[in-house]
Structures are given as structure tokens and as C-alpha cells.
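Do you have your viewer ready? Here is a short tour, with a selection to make at each stop and a note on what you will find there.

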Amino acid sequence: PDMPIDAIEREPNSGSQTAMDNMVMQGLPMAEDNWREDSMSDLVMMVSDSLGSLGYTYQYYINDLYNVSGDASLKVLKIDGVAPEPQNIIDGSYPLSSYYYGVINYWQLWGTGGKFLNWMLLPEGQAAIEQAGYIPVSPSSGEVPVETIPEDMVDEDGLVFPGSDWSYLDESNLTELLTRGGEPAMLLGYARNEIFARHCNEFESPMYVQHYRKYPWYNLTAHHKVSERELNEYELANLELIKEWEQEYK
């Protein structure tokens with residue numbers, strides 16, 4: 001416990017040194033006699049191999065890139081008793097974290113760039129991010145599953161009425177819907193909300209969020225609060241009919 005500390009830092013303007021300056025030092029200068037390494041691999045190995053050494057790095061480098069997370073000679077320190085575990089990073093209880101952003105031009109929103117960003121936000125893309133050693137934005141471990149509409153009550157795209165954006169619904173359609181089983185209010189709610197989902201509505205209810213984001217057509221990168229002004233004549237008419245039925249099944 002009384003061993004001298006050999007502090008190790010990265011070269012100026014490196015990504016990790018910039019993060020250290022911004023998040024930890026916050027304007028204070030680093031000690032002038034710190035040992036400086038030009039690469040993160042050398043820094044990690046020096047801390048691992050040298051008693052009394054102290055450095056800093058990203059969790060990704062330890063757990064995945066250099067695979068030294070199980071090294072008994074390397075200890076990751078807690079901050080105020082909080083370890084840099086995924087859930088602690090997600091909920092903010094571990095205070096030091098940085099974000100990676102996917103940025104595209106607006107005109108690419110519905111093109112290849114938008115499709116890729118949308119895929120990254122889907123469960124498959126989030127799993128790939130986690131597999132690569134990063135913390136996903138919507139990990140399964142941090143989400144409370146909710147009951148959504150059974151898959152046998154919707155088509156392959158998760159829709160109750162696939163044509164409600166280009167044809168008028170009538171009472172026979174809604175009558176048929178209620179014969180599929182399940183709570184009428186739940187079925188009608190999905191029939192109504194899928195009209196908005198087609199326009200990439202940003203839902204607050206986890207029930208709709210967890211259902212629609214499973215399907216690639218629901219473009220997560222184009223999320224916004226959809227107003228009725230964006231709906232076409234078929235959607236507006238169908239919306240009013242469904243609302244009338246919802247009043248009966250409150």
C-alpha cells in the first residue's frame with residue numbers, strides 16, 4: 001500500500017488522452033514526470049507488467065482488443081465504489097463514459113446509410129455492437145420485456161392491416177380483427193398505432209417500441225412525433241373508424 005505510484009499517460013491529442021483531459025483532469029495539468037506511451041497496447045502492457053503502475057484506457061481495449069481482463073496482475077479500479085460494468089455505464093452510475101455516433105446526411109436517411117444505422121439499432125445490430133466489445137444503446141439486459149401482440153395476429157411485417165395506408169377499412173375488417181383473439185382494446189390499439197408507425201412515429205409506450213423495432217421497415221433513424229397532417233386520406237379515414245371502435249371497447 002505504501003509503494004510509489006508510476007503514472008503512465010498517452011501522448012497529447014490521442015483519443016484516450018483527450019478523454020482523460022476532458023472527463024477527469026478538466027483543465028488541471030498532468031504531472032510533468034508521468035511516463036508517456038505512444039500506443040495504448042504499450043500502456044496496458046506496462047500497467048499489467050509493472051508493480052505500482054497506474055494508467056487509464058477504454059474498457060474495450062482491456063476486455064476485447066488486448067484480452068487482458070482476466071489478468072490477475074491488472075486491476076480495474078472502481079469510482080466511488082462503482083465498477084465499470086455494462087449496466088453501471090448504461091444507467092450512468094459509473095461516471096466516465098463516451099459515446100460513438102453514427103452520422104449521415106439527411107438525404108441518406110432512406111438510403112444505404114439510413115438503412116445501416118437503422119439495422120444497428122435493431123436487436124441484431126445491437127448484438128453485433130455488444131459482440132464487438134462496446135455497450136449497446138438498448139441492451140437486452142437493461143430492458144424490461146413487455147407483452148406485445150402475438151405474432152400469429154400480425155403479418156410478416158408485424159402489421160394488423162397491411163393495406164390500411166392505401167385502402168379504406170370497414171366494420172367487417174374490424175370485426176374480423178376481434179376474432180383473432182386477445183383483448184379488443186389491445187388489437188385496436190395496434191391497428192391505430194401502425195398507421196403512425198409507417199411514418200416512423202416515436203412511441204413512448206414500450207409495448208409499441210419493442211414490437212415495431214423488430215421490423216426493418218420501421219426506420220429508427222427517422223423517428224419523430226407524427227402528426228395527423230402527415231397521414232393520407234385512407235389513413236385519416238381508417239384512424240377515425242378505429243377510434244370509434246376503441247370508444248366501445250375502453
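The stops below go through salt bridges, surface patches, a buried polar contact and a pair of distant residues. Please keep in mind along the way that this is a predicted model.

**Stop 1: Glu9 and Arg36**

The structure holds seven salt bridges, and this tour visits some of them. Start by selecting Glu9 and Arg36 and showing their side chains, which meet in a salt bridge with an N to O distance of 3.5 Å. Glu9 belongs to strand E1 (residues 6-10) and Arg36 to strand E2 (residues 35-37), so this pair ties together parts that are 27 residues apart in sequence. Is each partner buried or exposed? Glu9 counts as buried because its relative accessibility is 5%, whereas Arg36, at 47%, counts as partly exposed.

**Stop 2: Glu176 and Arg180**

Next, select Glu176 and Arg180. These two also form a salt bridge, and their closest N and O atoms are 3.0 Å apart. Colour them by accessibility if you like: Arg180 is partly exposed, with a relative accessible area of 26%, and Glu176 is partly exposed too, with 36%.

**Stop 3: Glu228 and Lys243**

Move on to Glu228 and Lys243, another salt bridge, where the closest N and O atoms are 3.1 Å apart. This pair links distant parts of the chain, 15 residues apart: Glu228 is in the loop between helix H9 (206-212) and H10, while Lys243 is in helix H10 itself. Glu228 is partly exposed, with a relative accessible area of 35%, and Lys243 counts as partly exposed at 30%.

**Stop 4: the negative patch**

Stay with helix H10 and switch on the surface. Select Asp170, Glu171, Glu240, Glu244 and Glu248, which gather in a patch of negative charge there. Which element gives the largest share of this patch? That is helix H10 (residues 233-248), with three residues. Now click on Asp170, which is found in the loop between helix H6 (123-131) and helix H7 (171-178). With a relative accessibility of 38%, Asp170 counts as partly exposed.

**Stop 5: the nonpolar patch**

Keep the surface on and select Ile5, Leu54 and Leu77. Together they form a nonpolar surface patch with about 290 Å² of accessible area. Leu54 is found in strand E3 (residues 53-54) and is partly exposed, its relative accessible area being 38%.

**Stop 6: Gln126 and Met120**

Hide the surface again and select Gln126, which is found in helix H6. Why does Gln126 count as buried? Its relative accessible area is 5%, and the cut-off for buried is under 20%. For its contact, add Met120 with backbone atoms shown: the backbone oxygen of Met120 lies 2.6 Å from a polar atom of the Gln126 side chain.

**Stop 7: Asp152 and Trp35**

For the last selection, zoom out and pick Asp152, whose place is in the loop between H6 and H7. Asp152 is exposed, with a relative accessible area of 68%. Then add Trp35 and draw a distance between the two C-alpha atoms. How far are they separated? The distance is 63 Å, for residues that are 117 apart along the chain.

Technical notes: Residues numbered from 1 in each chain as written. Predicted model: local features only at pLDDT ≥ 70, side-chain atom pairs only at ≥ 80, totals over all residues. Heavy atoms only, no water. Patch = residues over 30% accessible without salt bridge, like charges linked within 9 Å, V, L, I, M, F, W, Y side chains within 5 Å. Areas by Shrake-Rupley, 256 points an atom, 1.4 Å probe, with all protein chains shown as cover. Salt bridge = Lys/Arg side-chain N within 4 Å of Asp/Glu carboxyl O. Lys, Arg positive; Asp, Glu negative; His and termini not counted. Charge placed at Lys NZ, Arg CZ, Asp CG, Glu CD. Helix = DSSP H or I, 4+ residues; strand = E, 2+ residues; numbered from the N terminus. Buried < 20%, exposed > 50% of the residue type's maximum accessible area, 1.4 Å probe, protein only. Polar contact = N/O pair within 3.5 Å; in protein donor to acceptor, adjacent residues only side chain to side chain.
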